[in-house]
Amino acid sequence: LDRLGRDTRDVLNIIHDCEQKGACVTVLDPYVSTQGEMGHLVITVLGMVAQMERRFIKERQRDGI
């Protein structure tokens with residue numbers, strides 16, 4: 001999921017665009033689908049966690065430099 005977009009907003013915009021075209025998004029690992037409301041919630045949370053991880057990686061990289 002963290003490869004789908006640059007941040008949570010980007011991921012949600014991509015999913016919204018797909019759904020406007022009649023498609024759903026399914027993430028295989030961990031398995032989550034946007035077909036239900038619970039899937040939207042989980043994808044939002046996972047997107048936020050991925051964004052936070054990226055920020056931590058950048059901070060550690062800056063500290064290392």
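User: What pattern does the protein chain follow, read along the sequence?
Analyst: In this predicted model, the protein chain follows the pattern α-β-β-α when read along the sequence, and the elements behind that pattern are two helices and two strands.

User: Where do the two helices sit, and at what angle do their axes cross?
Analyst: Helix H1 covers residues 8-20 and helix H2 covers residues 37-64, and their axes come within 8 Å of each other while crossing at roughly 145°.

User: Is that crossing of H1 and H2 left-handed or right-handed?
Analyst: The crossing in which H1 passes H2 is right-handed. On the H1 side the contact is made by Thr-8, Val-11, Leu-12, Ile-15 and Glu-19, and on the H2 side by His-40, Ile-43, Thr-44, Gly-47, Met-48 and Gln-51.

User: How do the residues of that contact divide between nonpolar, polar and charged?
Analyst: Between H1 and H2 the contact residues comprise five nonpolar, five polar and one charged.

User: Staying with H1, is Ile-14 buried, exposed or partly exposed?
Analyst: Ile-14, which lies in helix H1, has a relative accessible area of 26% and is therefore partly exposed, since the buried class ends at 20%. Once neighbours within four places in sequence are left aside, Ile-14 is in contact with Leu-4 and Gly-5.

User: And how far is Ile-14 from Val-25 in space?
Analyst: Ile-14 and Val-25 are 9.3 Å apart, C-alpha to C-alpha, with a separation of 11 residues in sequence.

User: Switching to the strands, where is Pro-30, and what is the peptide bond before Pro-30 like, cis or trans?
Analyst: Pro-30 sits in the loop between strand S1, residues 26-28, and strand S2, residues 31-33. The peptide bond leading from Asp-29 to Pro-30 is cis, with omega near 0°. As general background, most peptide bonds are trans.

User: Which residues does Thr-26 contact on the other side of that loop?
Analyst: Leaving aside neighbours within four places in sequence, Thr-26 is in contact with Tyr-31, Val-32 and Ser-33. Thr-26 itself lies in strand S1, and at 35% relative accessibility it counts as partly exposed, because that value falls between the 20% and 50% limits.

User: What about Thr-26 and Ile-15, how far apart are their C-alpha atoms?
Analyst: The C-alpha atoms of Thr-26 and Ile-15 are separated by 9.8 Å, and the two residues are 11 apart along the chain. Ile-15 is also one of the H1 residues that make the contact with H2.

User: And Ser-33, buried or exposed?
Analyst: Ser-33, placed in strand S2, is buried, because its relative accessible area of 13% is under the 20% cut-off. Not counting residues up to four places away in sequence, Ser-33 touches Cys-24, Val-25, Thr-26 and Gly-39.

User: Where is Lys-21 found, and is Lys-21 buried or exposed?
Analyst: Lys-21 is found in the loop between H1 and S1, and with a relative accessible area of 74% it is exposed. From Lys-21 to His-40 the C-alpha distance is 17 Å, across 19 residues of sequence, and His-40 is among the H2 residues in the contact with H1.

User: Zooming out, what is the radius of gyration of the protein chain, and what would a compact globule have?
Analyst: The protein chain has a radius of gyration of 14 Å, whereas a compact globule of 65 residues would have one near 11 Å. Along its principal axes the C-alpha trace spans about 45 × 20 × 15 Å.

User: How many of the 65 residues count as buried, as a percentage?
Analyst: Of the 65 residues, 22% count as buried. The chain exposes about 5,200 Å², of which carbon and sulfur atoms supply 54%.

User: And what share of the contacts join residues at least 24 apart?
Analyst: Among contacts between residues at least 6 apart in sequence, 39% join residues at least 24 apart.

Technical notes. Residues are numbered from 1 along each chain as its sequence is written. This is a predicted model: local features need pLDDT of at least 70, side-chain atom pairs count only at pLDDT 80 or more; totals for chains, interfaces and linings use all residues. Side-chain values use heavy atoms; hydrogens and water are left out. Axes are lines fitted to C-alpha atoms, for helices over the stretch in contact, and angles run from 0 to 180 degrees between N-to-C directions. Helices (H or I, at least four residues) and strands (E, at least two) are DSSP runs, numbered from the N terminus. A crossing is left-handed if the near helix is turned anticlockwise from the far one by less than a right angle, and right-handed if clockwise. Contact means heavy atoms within 4.5 Å. Ala, Val, Leu, Ile, Met, Phe, Trp, Tyr, Cys and Pro count as nonpolar, Asp, Glu, Lys and Arg as charged, and the others, Gly among them, as polar. The radius of gyration is taken over C-alpha atoms; the globule rule is 2.2 Å times the number of residues to the power 0.38. Buried means under 20% relative accessible area, exposed over 50%, partly exposed in between (1.4 Å probe, protein chains only). Accessible areas come from the Shrake-Rupley method with a 1.4 Å probe; for residues, only the protein chains shown count as cover.
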